[in-house]
Amino acid sequence: MNACLALARQGRTAPNPQVGAVIIRGGQLLGEGFHPRAGEPHAEVWALRDAIARGHDVTGATLYVNLEPCNHYGRTPPCTEAIVQAGITKVVVGTVDPDPRVQGQGLARLRQAGIEVVVGVCETACQDLNEGFCHRVRTGRPFGIWKTALTLDGAIATDTGHSFWITGPQARQRVWHLRAACDAVITGGGTVRQDNPALTSHGVSPHNPLRVVLSRTIPR
């Protein structure tokens with residue numbers, strides 16, 4: 001399952017969840033894949049294609065995936081049908097998909113086809129990976145992360161308002177990784193006027209979030 005999570009993180013999938021899949025038989029890796037972006041095939045399909053490209057027959061194999069396979073037609077066909085048709089006999093799932101279009105229906109379809117299903121492996125890690133997706137599906141609202149840097153006495157800047165590093169290199173790099181995982185970063189107009197931060201991922205990822213400025217007037 002850790003391999004699934006590592007694969008899943010390679011995708012830029014919003015508004016879809018990040019999903020990775022691996023296919024194993026007898027301790028041998030037959031195929032692996034991840035969902036690269038919305039509208040493209042899901043991780044399970046890429047893993048099956050990878051196995052075929054390697055010359056492997058996946059009949060009787062076990063498929064691991066960090067999120068429940070879908071069982072509905074959207075922009076792509078159901079992953080459950082691809083799994084059933086491939087001859088997979090066991091599916092290990094990290095966590096159930098909270099999307100009402102899935103939410104246990106994928107598991108039910110696999111079991112109906114006689115496939116052994118195990119759910120809840122590394123469940124917390126799998127849920128954490130798609131925390132934003134799960135929050136949006138359940139509440140209808142985007143998931144937000146509040147980030148601020150404070151001195152021990154609660155200050156965020158000098159008395160004169162001059163920019164000054166409060167955090168160290170490790171904390172700043174952590175922020176860059178957070179930005180790389182987000183769709184947008186929101187800041188205030190005062191911050192833009194005073195410091196005009198780029199709010200990019202500083203090269204830790206090719207993805208940079210949308211910069212959103214909240215202000216009563218347009219910052220100049």
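Which residues does Asn 130 touch, not counting residues up to four places away in sequence? In this predicted model, the contacts of Asn 130 outside that range are with Pro 17, Gln 18 and Asn 66. Asn 130 itself is found in the loop between α5 (123-129) and α6. Its relative accessible area is 4%, and because the limit for a buried residue is under 20%, Asn 130 counts as buried.

The overall arrangement of the protein chain was examined next. The chain has 220 residues, of which 36% count as buried, and its secondary structure comprises eight helices and seven strands. Along the principal axes, the C-alpha atoms fill a box of roughly 70 × 35 × 30 Å. The domain assignment divides the chain into domain 1 (1-139) and domain 2 (145-219). The centres of domain 1 and domain 2, taken over C-alpha atoms, are separated by 35 Å. Among contacts with a separation of 6 or more, 65% are accounted for by residues 24 or more positions apart.

The largest nonpolar core consists of 21 residues, and the members that touch the most other members are Ile 23, Val 58, Leu 63, Val 65, Ile 83, Ile 88 and Val 91. Two or more residues are given to this core by each of β1 (20-25), α2 (43-53), β3 (62-67), β4 (90-95) and α4 (105-112). The element that gives the most is α2, with four residues. The surroundings of one core member, Ile 88, may be described in detail. When residues up to four places away in sequence are not counted, Ile 88 touches Ile 23, Leu 48, Val 58, Ala 61, Leu 63, Ile 83 and Ile 115. Another core, of nine residues, lies apart from the largest one and includes Met 1, Leu 5, Val 22 and Cys 126.

Helix α2 was considered further. Its buried residues include Ala 43, Glu 44, Val 45, Ala 47, Leu 48 and Ala 51. The partners against which the buried residues of α2 pack are three strands and a helix, namely β1, β2 (28-34), β3 and α3 (79-86). After α2 comes Gly 55, which has a positive phi, near 85 degrees.

The second largest pocket has a volume of about 470 Å³. It is lined by 25 residues, and those closest to its centre are Asn 16, Pro 17, His 42, His 72 and Arg 101. Pro 17 is also one of the residues that Asn 130 touches. Two elements, α2 and α6 (131-139), give two or more residues to the lining. The largest share, three residues, comes from α6. Sorted by class, the lining contains ten nonpolar, seven polar and eight charged residues.

A contrasting environment is provided by Ile 186, which is placed in strand β6 (residues 184-188). Ile 186 has a relative accessibility of 57% and therefore counts as exposed, the limit for that class being over 50%. With neighbours within four places in sequence left aside, Ile 186 is in contact with Val 212 and Leu 214. Ile 186 and Ala 21 are 165 residues apart in sequence, and their C-alpha atoms are 33 Å apart in space.

Key
Residues are numbered from 1 along each chain as its sequence is written. This is a predicted model: local features need pLDDT of at least 70, side-chain atom pairs count only at pLDDT 80 or more; totals for chains, interfaces and linings use all residues. Side-chain values use heavy atoms; hydrogens and water are left out. A nonpolar core is a set of buried Ala, Val, Leu, Ile, Met, Phe, Trp, Tyr and Cys residues joined through side-chain atoms within 4.5 Å. Buried means under 20% relative accessible area, exposed over 50%, partly exposed in between (1.4 Å probe, protein chains only). Contact means heavy atoms within 4.5 Å. Domain bounds come from an automatic or database domain assignment. On a 1 Å grid over the protein atoms alone, a cavity is a set of points where a 1.4 Å probe fits but cannot get out, and a pocket is an open set with protein on both sides within 12 Å along at least five of seven lines; lining residues have an atom within 4 Å of a point. Grid points are joined across faces, edges and corners, and a volume is the space filled by probe spheres set on the points. Ala, Val, Leu, Ile, Met, Phe, Trp, Tyr, Cys and Pro count as nonpolar, Asp, Glu, Lys and Arg as charged, and the others, Gly among them, as polar.
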